Amino acid sequence: MKLPAPFAPDLQADRVVPPSGAAARLTGLVAAAMAFLAVFALALSLAAGRLADRWSEALARTATVRISAPDDQMALQTAAVLAVLATTPGIAEARALSVEEQRVLLAPWFGPDLPVEALPLPQLIEVTETGSGYDGEGLRLRLAAEAPGAVLDDHTRWRKPLVQAAARLRSLGWVSLSLIGVVVAAMITLAANAALAANAQVIRVLRLVGARDSYIARAFVRRFTVRAFWGAVTGTLAGMIGVALLPRADAAGGFLTGLGFQGLGWFVPLLLPLLAGAVAFIATRTAALAKLRELT
Amino acid sequence: MVRGKAQKGSGGMIAFDSVAYNYGGGELLSEVSLRLAPGSFHFLTGPSGSGKSTFLKLCYAELLPTSGRVTLFDREVRGLSRDDVALARRRIGVVHQDCQFLDHLPLAANVTLPLTVAGRMGPAQDLTDLLGWVGLGPLAGALPPSLSGGERQRAALARAVIMGPDVILADEPTGNVDWEMSLRLLTLLVELNRMGKTILVATHDLNLIRQAKAQVAARVLRISKRRVQLAGADL
């Protein structure tokens with residue numbers, strides 16, 4: 001199997017450039033650190049994407065009918081609302097929450113001993129829609145006619161900001177990844193320039209004996225590309241181990257649940273070393289050719 | 001205009017046509033017109049700072065003329081790409097006064113460097129013969145910093161000729177060596193000229209020039225008042 005050009009050993013070209021200095025070694029370190037961070041940015045981005053999809057999908061299929069009525073009319077209006085919902089196309093299920101369920105809902109704010117029965121709380125009806133959905137405006141009109149105290153809340157008001165927040169979180173993850181790529185390119189460009197400047201005399205000799213720019217550049221490009229690649233492999237593996245050690249979604253149960261990779265998502269970070277190698281290749285080659293024109 | 005031997009090609013190996021070079025502070029070379037014909041042997045002399053090294057750098061396109069035309073192998077240097085310059089330099093062997101080497105590579109690798117960068121590798125016996133010719137056979141594995149001035153000059157000459165160049169340019173090749181070594185280097189250059197190589201040696205050593213003229217039909221160019229002139233018989 002023939003290796004790609006940046007990885008294929010060219011011992012002759014490699015030998016003409018003195019052994020790597022600190023600049024090339026730092027490239028590996030920078031690539032490792034950046035790949036480590038990139039794994040977390042990637043995990044955040046993918047998790048935020050899943051979260052946005054889940055919220056968007058799950059909340060879009062539920063609604064709540066809230067009935068505020070005098071005590072003597074509550075049961076009557078509840079029955080009327082359930083009857084309306086039962087005959088509304090697009091409604092899969094409608095269920096009035098029990099007193100116990102309402103207590104559980106309010107417990108985080110008022111504690112478990114709240115006397116729900118003694119409070120003038122509205123009756124909540126949980127509505128689950130079918131895949132085809134229902135006509136919200138039509139339902140509102142029917143509810144207004146049959147049960148004046150009933151209000152349909154399709155969650156749009158607070159679902160949108162949540163989905164937007166998750167989408168922005170995903171965008172931030174991708175922006176972070178892009179910035180990491182830019183930083184890697186910048187660092188490698190600086191390191192390559194430093195290495196080229198440190199070897200100005202070697203380059204001059206090579207040019208004088210008839211070496212083409214591409215020949216000289218190849219030795220530097222290969223060196224930096226290989227170091228960036230293996231540095232990124234190290235950083236990626238460390239990052240993936242770190243992500244794997246995060247608390248599992250079910251156990252944590254908080255906002256950060258599911259921050260990690262799932263299924264085939266575990267293969268995505270494996271692309272990072274290839275990306276780092278490609279970034280290093282382009283950055284070093286560009287820097288090398290420019291510096292060669294400057295030096296000789 | 002100064003001319004070398006009768007030309008075999010149309011324009012000679014290296015040709016200058018009304019060339020001037022300005023370092024910024026003033027004109028160093030002016031109205032230089034000459035052709036180095038194939039197989040010719042020239043010395044270039046003149047006082048220190050007169051522009052000998054600059055002239056040589058113009059010959060292998062390390063510098064471009066401020067005005068006028070320099071032609072390498074019938075192609076004007078201004079029209080050459082960087083790759084073209086690299087290819088032209090493979091036909092020109094240069095011996096520098098300071099003999100620049102890659103200090104991390106042994107002598108043999110330094111001598112074969114022109115072959116390495118050209119992607120060519122000759123038989124090992126050729127290298128052995130070449131190092132033997134310049135008297136450096138036992139030092140093939142030595143690193144350049146451990147070589148004496150004379151050894152470095154001979155190594156530079158071996159590197160300059162390993163590609164079988166058409167032209168050999170030497171900038172003060174005897175500047176750092178004793179008289180005996182100077183004569184040895186001169187003998188090597190004369191041998192190369194007899195093999196058909198075009199030789200141009202920049203030197204201020206008039207004794208060396210006189211010694212050479214006894215062995216080869218060498219012409220002497222002198223840089224004086226920014227012009228390159230054919231020197232008379234007073235040398």
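In this predicted model, strand β1 (residues 62-67) of chain A pairs with strand β3 (residues 123-129) of chain A. The two run antiparallel and share six bridges. Find Val65(A) on β1(A). Opposite Val65(A), in β3(A), stands Ile125(A). Now look at strand β2 (residues 91-96) of chain A. β2(A) also pairs with β3(A), again in the antiparallel sense, over five bridges. Here Ala96(A) has Ile125(A) as its bridge partner in β3(A). What holds such strands together? Strands of a sheet pair through backbone hydrogen bonds, and the pairing is either parallel or antiparallel.

Step back to the whole of chain A. Chain A has 10 helices and four strands. Read from the N terminus, the order of elements is α-α-β-α-β-α-β-α-β-α-α-α-α-α. Two helices come before the opening strand, and the run closes with five helices. The domain assignment splits chain A in two. Domain 1 takes residues 11-55 and 169-295, while domain 2 takes residues 69-148. Domain 1 is therefore written in two pieces, with domain 2 between them in sequence. The C-alpha centres of these two domains of chain A are 55 Å apart.

How do the contacts of chain A spread along its sequence? Count contacts between residues at least 6 apart in chain A, and 88% of them join residues at least 24 apart. Of the 296 residues in chain A, 35% are buried.

Next, the nonpolar cores. The largest one has 132 residues. Which members touch the most others? They are Ala35(A), Ala192(A), Phe220(A), Ala276(A), Ala158(B) and Leu169(B). Note the letters: these residues come from chain A and from chain B. Helix α2 (residues 22-60) of chain A gives the most to this core, 19 residues. Take Phe220(A) as a sample. Neighbours within four places in sequence are set aside here. Phe220(A) then contacts Val17(A), Ala192(A), Ala195(A), Leu196(A), Thr284(A) and Ala288(A). A second core, separate from the largest, has 13 residues. Val65(A), Leu85(A), Val127(A) and Leu139(A) are among them. You have met Val65(A) already, opposite Ile125(A).

Now see where the chains meet. Chain A brings 16 residues to the contact, and chain B brings 18. On the side of chain A, three elements give two or more residues each: α1 (11-16), α7 (200-208) and α8 (213-244). The largest share is that of α7(A), with six residues. What classes of residue make up this side of chain A? Nine are nonpolar, three are polar and four are charged.

Cross over to chain B. Its strand β2 (residues 14-22) and strand β3 (residues 27-36) pair in the antiparallel sense, with six bridges. Phe16(B) has Leu34(B) as its bridge partner in β3(B). These two strands form a hairpin with four residues between them. In that hairpin, Gly24(B) takes a positive phi near 110°.

Chain B also holds an open sheet of six strands. The order is β7-β8-β9-β4-β10-β11, and the pairing is mixed. Why is one side of β7(B) and of β11(B) left without a neighbour in the sheet? β7 (92-95) and β11 (227-230) stand at the edges, and each has a single partner strand, so one side of each stays free of a neighbour in the sheet. From one strand to the next, the twist averages 20°. Within this sheet, β8 (residues 167-171) and β9 (residues 198-202) of chain B run parallel and share five bridges. Val167(B) stands opposite Thr198(B) in β9(B). Helix α7 (residues 179-194) of chain B lies across β4 (41-45), β8 and β9 of chain B. Helix α7(B) runs at about 155° to β9(B).

Last, the domains of chain B. Domain 1 covers 1-91 and 165-235, and domain 2 covers 98-164. Their centres, taken over C-alpha atoms, are separated by 23 Å. How many residues of each are in contact? Domain 1 of chain B uses 10 residues, and domain 2 of chain B uses 12. On the side of domain 1, α7(B) gives the largest share, four residues. That side of domain 1 has eight nonpolar residues, one polar and one charged.

Key
Residues are numbered from 1 along each chain as its sequence is written. Chains are lettered from A and ligands numbered from 1 in the order in which they are written. This is a predicted model: local features need pLDDT of at least 70, side-chain atom pairs count only at pLDDT 80 or more; totals for chains, interfaces and linings use all residues. Two strands pair if DSSP finds at least two bridges between them. Axes are lines fitted to C-alpha atoms, for helices over the stretch in contact, and angles run from 0 to 180 degrees between N-to-C directions. Two residues are in contact if their C-beta atoms, placed from the backbone, lie within 7 Å. A residue is buried if 20 or more other C-beta atoms lie within 10 Å of its own, exposed if 12 or fewer, and partly exposed in between; C-beta atoms are placed from the backbone. A nonpolar core is a set of buried Ala, Val, Leu, Ile, Met, Phe, Trp, Tyr and Cys residues joined through C-beta atoms within 7 Å. Ala, Val, Leu, Ile, Met, Phe, Trp, Tyr, Cys and Pro count as nonpolar, Asp, Glu, Lys and Arg as charged, and the others, Gly among them, as polar.
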